[in-house]
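Reader: I should like to learn how to read the surroundings of a bound ligand, and then the fold that holds it. Could we work through one model together?

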Amino acid sequence: MPSESRIENPLLHPFLFTYQLGQVLTDKILSPNPHNPSQPLTRPKLAIIGAGITGVSAAAHCVGHGFDVQIFEAGDEKQLGGIWSRVNNTSSLQIHSLMYRFHPSVQWQRGYPDRQQILSQLGQLWKRYGLDKKTKFNMKVDKVYQDEKGLWIINSPSNGKFDGVIAAVGTCGAPKRPHIPGIDKFGGQVYHSSELTGKRARGKKIAVIGGGASAVEALEFAAAEEADKISILARSDKWVIPRNAIIDTLFAFNIFGQETMFSWIPEKLLKKFFYRDLEDLAPANKGLFTDTPMVNSDVMDKIRAGKAEWVRCDIEEVVENGIKVNRRAQGVPSGGPGREDVIEADMIVLATGFSRPSLSFLPNDSFEEPYGAPNWYLQTFPPSHPSVSAINCTYLAGIGSVGNWHIGIYTRILLMFLVDPLTRPSTFWMERWIDMTKLLKAKSPTGAFDFFTYLELVWWFAFCVAFNPFRWKWAFFVFFGLGVALPRRLVEVEDTIRNGLGRPTSDRVNRDQGVSF
Ligand SMILES: Cc1cc2nc3c(=O)[nH]c(=O)nc-3n(C[C@H](O)[C@H](O)[C@H](O)COP(=O)(O)OP(=O)(O)OC[C@H]3O[C@@H](n4cnc5c(N)ncnc54)[C@H](O)[C@@H]3O)c2cc1C
Ligand SMILES: NC(=O)c1ccc[n+]([C@@H]2O[C@H](COP(=O)([O-])OP(=O)(O)OC[C@H]3O[C@@H](n4cnc5c(N)ncnc54)[C@H](OP(=O)(O)O)[C@@H]3O)[C@@H](O)[C@H]2O)c1
């Protein structure tokens, strides 16, 4: 069943038509065929924890290549889609959907799809690959451990045994609602930024606490509702970059994945051509390549038009008619000197983020210092367990996108490790790669794995395959999902040789024990 799509008229929308045509071709060439239900899927079998875009996409890749999976999701079926199932109807992608192709079969109808379209594409993917029959909802994973043969058990043996595990629990758990002194005295309404669907803001004064992507979304919501005044109360500075696929891709193409001696160039260009008269909103002491920037162009226009105000401040307390703050000038850090002010408000929006889901269900040895997350092999494989990959849930900050090609690449690297013992890295070599990355990024203002760009990620993948001749036969499969049959046949030949030498074949060895470099 192909994904539902409506192709635009090429004369009226030539760019969108070309984009859509590209997506149809990508689907035809790169999407693995859905599995035929009459044929059994083979081992290795994988447990996938979380049914957001990462878990569903990873599961679709596994099943499409003939590997069995079971998805465990803490929420009920309405939470298919993870965080996107729990945010406002008005939420949409900030980054261009070209960088949000979480599976080759995804068919975006526009550059910046909204929540409904994202959930609809995910639902179609889930059904297309028969994952509806392979998802256990209301199943929070608390414990992941191994039996004596090294097979993974999820919570209890009654849930089956697995050769590999993909943790896809995301980074956005429950909404964070910090206690702000005086909030009980406030005369208006208080909502978290993820609860704005259906709320009325017309003619009201809206104060948004927080200066991240959700604050910008709350600003867009309030502006669309024709609020009287919108104040964003930000205690720390973040970079804002324009909503432009080419510019954002260029930023994501910094191969060093960190601030370098050349970073002043994009920073200066941003200030001159994007911030312009609002240059004092740009972070004074924080480089572009140190924290995830917000991707938005409207925010500047709304501030210029006087519809919104960006207040760099610390929150003192909530009073009956608003919020008492300490306004600070550019470059003055949080807690520094400023001037007291009361921001009047009828509605407070807490854009204070989400708590991070825990990975503590993984075995303790996955977190041994100095190799605790995110300091893992390729940031996702704990060095003590090459049969586990924690995709999209270990990162702190970066420029790129969470929902892109790399979900498939990480999944296929894990499949390669599970199927072919000669490719599976040993703990020793995984730790050396981590040490090497730390050394290469020793001058970075952030920790080596605390910030990365998309090109750096691609380089990691290239390194992972190019450096090890045993992995060369897997290159097309790892990068494009093509040609799994050939490397599998070669592994069978290697198995025959191994058998002849009296050594265990690939399906008999502990899939968590790495021997390669
Ligand atoms: C409003 C909004 C807009 C965003 N826009 C963008 C964007 O434009 N570009 C971008 O790249 N990113 C964006 N993001 C970030 C977003 O988090 C990712 O794009 C992506 O949706 C993450 O998907 P995920 O599957 O990794 O995690 P999630 O969607 O968070 O899914 C994780 C799932 O795991 C389940 N789970 C957690 N713990 C357990 C457990 N112990 N046992 C079982 N199940 C568990 C959760 O219930 C959840 O369903 C946005 C986020 C928000 C909130
Ligand atoms: N469309 C999109 O692309 C989109 C939209 C929404 C969210 N997201 C993603 O979702 C994730 C979460 O984003 P988010 O904006 O919800 O959260 P966030 O990035 O964690 O930002 C939270 C903001 O709230 C501030 N804050 C927290 N507690 C506070 C307190 N007690 N007093 C004052 N300020 C406080 C933080 O300040 P400090 O920085 O000083 O801590 C920060 O500015 C991010 O990965 C983001 O990229 C994406």
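Author: This is a predicted model. Let us begin with the domains: the shell around ligand 2 takes at least three residues from domain 1 (14–173 + 357–508) and at least three from domain 2 (183–350).

Reader: Which helix gives the most to the shell around ligand 2?

Author: Helix H4, residues 213–224, gives the most, with three residues.

Reader: How many residues surround ligand 2, and which come nearest?

Author: A residue belongs to such surroundings if one of its heavy atoms lies within 4 Å. Here there are 17 residues around ligand 2, and Gln-94, Gly-211, Ser-214, Arg-235 and Ser-236 come nearest. By class, the shell holds nine polar, six nonpolar and two charged residues.

Reader: Where should one look for polar contacts of ligand 2?

Author: One looks for pairs of N or O atoms within 3.5 Å. An N or O atom in the side chain of Ser-236 is 2.6 Å from an oxygen atom of ligand 2. Polar backbone atoms also take part: that of Ser-92 is 2.9 Å from a ligand nitrogen, and that of Ala-351 is 3.2 Å from a ligand oxygen. On its own, ligand 2 has 910 Å² of accessible area, of which the protein covers 70%.

Reader: What of the protein chain as a whole: how many helices and strands does it have?

Author: The chain has twelve helices and 19 strands. Its radius of gyration is 24 Å, close to the 24 Å that the globule rule gives for 517 residues, so the chain is as compact as a globular protein of that length. The C-alpha trace spans about 80 × 50 × 45 Å along its principal axes. Of the 517 residues, 55% count as buried.

Notes. Residues numbered from 1 in each chain as written. Chains lettered and ligands numbered in written order. Heavy atoms only, no water. Polar contact = N/O pair within 3.5 Å; in protein donor to acceptor, adjacent residues only side chain to side chain. Areas by Shrake-Rupley, 256 points an atom, 1.4 Å probe, with all protein chains shown as cover. Helix = DSSP H or I, 4+ residues; strand = E, 2+ residues; numbered from the N terminus. Nonpolar A, V, L, I, M, F, W, Y, C, P; charged D, E, K, R; others polar. Domains from an automatic or database assignment. Rg over C-alpha atoms; globule rule 2.2 N^0.38 Å. Buried < 20%, exposed > 50% of the residue type's maximum accessible area, 1.4 Å probe, protein only.
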